[in-house]
Amino acid sequence: MDYEFGEEGNQLRSLLRELIHERMPPGFLGAFTDDPEDLAITQRFCKELAARGLLTLSWPEEFGGQAGSLWDQTVVREEMWAHHEPRGAQYMGLNWVGPSIMEFGTEHQKAVHLPPIAAGERIWCQGFSEPDAGSDLFALSTRAIPEGDGWRISGQKIWTSYAEMAGYCFLAARVPETGDEPGGITIFLIPMDREGIEVRPIRSMLGRHHLNECFFDNVWASADEILGGVGGGSKVIRRTLSYERVGIARYARCDRLLSLLSRSLEGTWDTLPPALRTRWNKALIKVRTARLLAYRCVAAQVRGDATSNTLASVARVAVTQCDQEVAETLMQVLGHRTLEGAGADAPFYGAMEDHWRYAQASTVAAGAIEVQRETVARSVLGRASGSRAS
Ligand SMILES: Cc1cc2nc3c(=O)[nH]c(=O)nc-3n(C[C@H](O)[C@H](O)[C@H](O)COP(=O)(O)OP(=O)(O)OC[C@H]3O[C@@H](n4cnc5c(N)ncnc54)[C@H](O)[C@@H]3O)c2cc1C
């Protein structure tokens, strides 16, 4: 398989780098810092990407895209993640909420939800995990009880990224069996300002606005807010998770940070202890391996191959492991200077320390690494699974 992106891909990459260089302040470390201006910058940048047709490049034209290929989208996600995700929380909508609505949504849902995502105007959050349902997602207990021509939803979600700033929630709830209706896990597309929803931020080392608890107290949902039909949630979630797992190109930031570090050591590189130089080289090999495994999954998605779900887990295992290995390597090489904070006086504006903090959570977010491995094993052994990973 030839993974060369060709002239067009390279031009797209150069254009994105130029835009990021021009629009992002030096030392930009993402939208979720203590400086509210960082969030505002990402919101402006998303609108500019949308106006230039770069935000939803691979989406079909009828939904506000440019009908570009998934490979174009791969270039976009690599450049964005490499430069601390200048799209902020928008990537959720672009990578998996939008595609899931295109695949499972009604015409009405597509008309309501896709244009604001394509315009970079609406942030989504994912309401899957609960205090007693993470890896074992299909044990979730948030309930949706039928009432009149709609539903009343009650329950608690946890670790909900961006819930504080999100306009909508992609919410998983359990519908009870009634009469001839089978019930089961069901996805609701719920506006976050609906009565009965309370968001409580969770303080964490991932920065402000990141993690939250969400409480749903008798929240109303109409029948046309259900995605994929009553009881259709498991199928939707499986698709959603496979999009999500290759949607974050963590290997691209790893590659960039390793290279920034080695360039900064030009002239003194040979004075580093041989064990550290070996560690740097091994980390780079892991990064390049993870990149190829991610490309393998994208290739399967382009072919519409059913193995893409498993390949997404294979890639995710490699990508999250390389994230952590690179974080440790950067720390080892830079030593105590890694901890000199953020800002212009800190080495690399604090990017290495920021990467280390985020890397710690990478083998848990979007499904724990043990569970991803289980998915791969089950797929090889040909057994079905009822966990988050399948
Ligand atoms: C940064 C971050 C962002 C997140 N954002 C969101 C979000 O936006 N929306 C959302 O819904 N959730 C989100 N999550 C939650 C995430 O999906 C869960 O944390 C994850 O699925 C694990 O679930 P858990 O925390 O309940 O751990 P558990 O499922 O309780 O797992 C605890 C440990 O047991 C191990 N384990 C569990 N089952 C098995 C098994 N079958 N075999 C082997 N080992 C097993 C796990 O690997 C893990 O090490 C986020 C998490 C993080 C860290």
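Let's start with overall size: a compact globule of 390 residues would have a radius of gyration near 21 Å, and this chain comes in at 21 Å, so the two agree. Keep in mind that this is a predicted model. Along its principal axes, the C-alpha trace covers about 75 × 50 × 40 Å. Of the 390 residues, 45% count as buried. Take the contacts between residues at least 6 apart in sequence, and 71% of them turn out to join residues at least 24 apart.

The chain has 11 helices and 8 strands, and it is divided into three domains, listed here.

| Domain | Residues |
|---|---|
| domain 1 | 6-122 |
| domain 2 | 126-234 |
| domain 3 | 249-381 |

The centres of domain 2 and domain 3 are 32 Å apart, taken over C-alpha atoms. Both of these domains give at least three residues to the shell around the ligand. That shell holds 22 residues, and the closest are Phe 128, Ser 129, Gly 134, Ser 135 and Ala 368. Strand E1 (124-127) and helix H11 (369-381) are the elements that supply two or more residues each. Sorted by class, the shell has 10 nonpolar, 9 polar and 3 charged residues.

Now for helix H7 (residues 250-264). At 1.5 Å a residue, its 15 residues should span 21 Å, and the end C-alpha atoms do sit 21 Å apart, so the helix agrees with the expected span. Its buried residues include Arg 250, Tyr 251, Asp 255, Leu 257 and Leu 261. The buried residues of H7 pack against helix H3 (70-82), helix H8 (274-303), helix H9 (308-334) and helix H10 (351-362).

Technical notes. Residues numbered from 1 in each chain as written. Predicted model: local features only at pLDDT ≥ 70, side-chain atom pairs only at ≥ 80, totals over all residues. Domains from an automatic or database assignment. Helix = DSSP H or I, 4+ residues; strand = E, 2+ residues; numbered from the N terminus. Expected span 1.5 Å × (residues − 1). Buried ≥ 20, exposed ≤ 12 C-beta atoms within 10 Å, placed from the backbone. Contact = placed C-beta atoms within 7 Å. Near = placed C-beta within 6 Å. Nonpolar A, V, L, I, M, F, W, Y, C, P; charged D, E, K, R; others polar. Rg over C-alpha atoms; globule rule 2.2 N^0.38 Å.
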